[in-house]
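Reader: Hi! I'm in my first year and still learning to read these models. Could you take me on a close look at one part, the second largest pocket, and then show me what sits around the chain?

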Amino acid sequence: MGEAPKLIPHGQQNETSNGSKLEDETFETATTIGDKTYVIGRADDETSSINVRIFDKRLGEWVNRAVLGTKPMSFEGHSAVSLKDRIVILKKNPKPDDHTWFLEVDTQYVRQQQKVLGTEVVAWSKGVIGSVEKPVVISGPSGVGKGTLISMLMKEFPWMFGFSVSHTTRAPRAMEKDGIHYHFTEKSIMEEEIKDGKFLEFASVHGNLYGTSVEAVELVSDAGKRCILDIDVQGARSVRASSLEAIFIFICPPSMEELEKRLRDRGTETEEQIQKRLRNAQSEIEQGKSSGIFDFILYNDKLEECYESLKKLLGLDGYVIPPSNSKREISLPMDHHSVLKIEDKILINCNPLIESNNKIMLDLSSLEGGAPGRTRGLDFRYSTECINLTFN
Ligand SMILES: Nc1nc2c(ncn2[C@@H]2O[C@H](COP(=O)(O)OP(=O)(O)O)[C@@H](O)[C@H]2O)c(=O)[nH]1
Ligand SMILES: Nc1ncnc2c1ncn2[C@@H]1O[C@H](COP(=O)(O)OP(=O)(O)O)[C@@H](O)[C@H]1O
């Protein structure tokens, strides 16, 4: 039988071996959901990310767990509030864009990973205020014009779109820069990261490995931009099956002869690679048209016409976008002794002694996404409607 969780309350003096007093920088919270208690706190030595221990009250012992998702780095203190399938962690003295994290303990993603890994699983997901436009997946055979069309979008709407930088084991082309066009990666490293659940999707394409990391997509959305993914049909199929909702567009060439001409004129592939890509093109076009994965099929014959059609699909024809769509940020002066959950809202700083303009309501009623990516749809409101509660 294991010992029930013993917590070190915030600020409690800790005896060190030589009896000197040591202010404990971090502390732990214990939150029970179902028959498990989740003890959160203290930095995990190796990674200095926040540690999670699970005590199974039914078994009366601590259980091992796999911790998935992007882990929060250690922080000096937090409040923990339990929802039915996750724990909301509100950081103490947070940075404006790093205040809320979710420890998922019984979400669909956790249950799915528990089946795959055959062990207890918890998954971290960073909370982000507001929601984002659905990402745009663009697929099509090599040489059809995907990159050209995407560059035109990014040039005309730089504040609106961001490109998901894929990982690949392919060698860079003359003009390609690492971290801009691709993360050019060793196969063994990429395979390791795939095993660690860091990729939303990956596929072997034209003899090389390509993949979209969760971070690549989330970093674009964190910047308040709409994410564009240039991925092959296999990748589009995986994204369609994932929790990431997106718009799927397949670009077709006007003919195979024109596709071959473009590929040759581009001059970036050897003859052997051109032949391989043309062979693959036939089946890709077939899948693009008949698989049901794609919401739209665009023919890239005349470039400008195709670009106008693409903008129309994305609701951008003749649409003037205000240049500044600054991200909403909130600074959360949080007093950790006065956090209260009422249904799907969390009242922060409700202590009547705290001045009203620091009373905050966190609305969790329209959460989207979640591990292994971000949890979006948070809504913070400074609210004097916080109920003045007496704390004894
Ligand atoms: N599944 C998947 N495919 C990708 C990814 N990045 C690029 N691709 C696809 O890999 C194929 C080859 O890409 P690339 O070597 O850049 O050649 P290109 O199509 O001629 O530009 C294209 O169909 C891309 O859409 C990715 O992250 N995942
Ligand atoms: N509509 C078009 N007409 C003629 N050439 C095009 C058209 N669209 C793209 N191209 C050219 O075809 C080549 C392949 O385009 P690219 O964007 O690299 O394709 P992808 O990214 O799909 O492999 C490039 O040299 C590009 O300038």
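Author: Sure, let's start with the elements that line this pocket: helix H2 (146-156), strand S16 (199-205), strand S17 (208-213), helix H6 (256-266) and helix H7 (271-290) each give at least two residues to the lining of the second largest pocket. Helices (H or I, at least four residues) and strands (E, at least two) are DSSP runs, numbered from the N terminus.

Before going on, some ground rules. This is a predicted model, where local features need pLDDT of at least 70 and side-chain atom pairs count only at pLDDT 80 or more, while totals for chains, interfaces and linings use all residues. Residues are numbered from 1 along each chain as its sequence is written, chains are lettered from A and ligands numbered from 1 in the order in which they are written, and side-chain values use heavy atoms, with hydrogens and water left out.

Back to the pocket. The word has a recipe: on a 1 Å grid over the protein atoms alone, a pocket is an open set of points with protein on both sides within 12 Å along at least five of seven lines, whereas a cavity is a set of points where a 1.4 Å probe fits but cannot get out; lining residues have an atom within 4 Å of a point. The second largest pocket has a volume of about 1000 Å³, where a volume is the space filled by probe spheres set on the points, and grid points are joined across faces, edges and corners. Its lining counts 42 residues, and Gly-147, Arg-173, Tyr-182, Asp-230 and Arg-266 are the ones nearest the centre. H2 gives the largest share of that lining, 6 residues. By type, the lining of the second largest pocket splits into 16 nonpolar, 14 polar and 12 charged residues. Here Ala, Val, Leu, Ile, Met, Phe, Trp, Tyr, Cys and Pro count as nonpolar, Asp, Glu, Lys and Arg as charged, and the others, Gly among them, as polar.

Now follow S16 and S17 out of the lining. They belong to an open sheet of 4 strands with mixed pairing, in the order S15-S14-S17-S16. Strand S15 (182-184) and S16 are at the edges with a single partner strand each, so one side of each has no neighbour in the sheet. On average, neighbouring strands here are turned by 25° against each other, direction ignored. Axes are lines fitted to C-alpha atoms, for helices over the stretch in contact, and angles run from 0 to 180 degrees between N-to-C directions. Inside the sheet, strand S14 (residues 166-168) and S17 run antiparallel and are joined by 2 bridges; two strands pair if DSSP finds at least two bridges between them. His-167 is the residue opposite Gly-211 in S17. Helix H4 (residues 214-222) packs on this sheet, touching S16 and S17, and its direction makes about 40° with that of S17. Contact, by the way, means heavy atoms within 4.5 Å.

H7 takes us to another sheet. This one is open too, with 5 strands in the order S13-S18-S12-S19-S20 and parallel pairing. Strand S13 (161-163) and strand S20 (296-299) are its edges, each with a single partner strand, so one side of each lacks a neighbour in the sheet. From one strand to the next, the twist averages 25°. Strand S12 (residues 136-139) and strand S19 (residues 247-252) run parallel, with 4 bridges between them, and Val-136 has Ile-247 as its bridge partner in S19. H7 packs on the sheet by touching S19 and S20, at about 135° between its direction and that of S19.

Let's also visit strand S5 (residues 50-56). It is largely enclosed by the rest of the structure, because 6 of its 7 residues are buried; buried means under 20% relative accessible area, exposed over 50%, partly exposed in between (1.4 Å probe, protein chains only). Strand S4 (residues 36-43) runs antiparallel to S5 over 7 bridges, and strand S6 (residues 61-63) pairs with S5 in the antiparallel sense over 3 bridges. Phe-55 is the bridge partner of Thr-37 in S5, and Trp-62 is the bridge partner of Phe-55 in S6.

Finally, zoom out: the chain has 8 helices and 25 strands, and buried residues make up 47% of its 392 residues.
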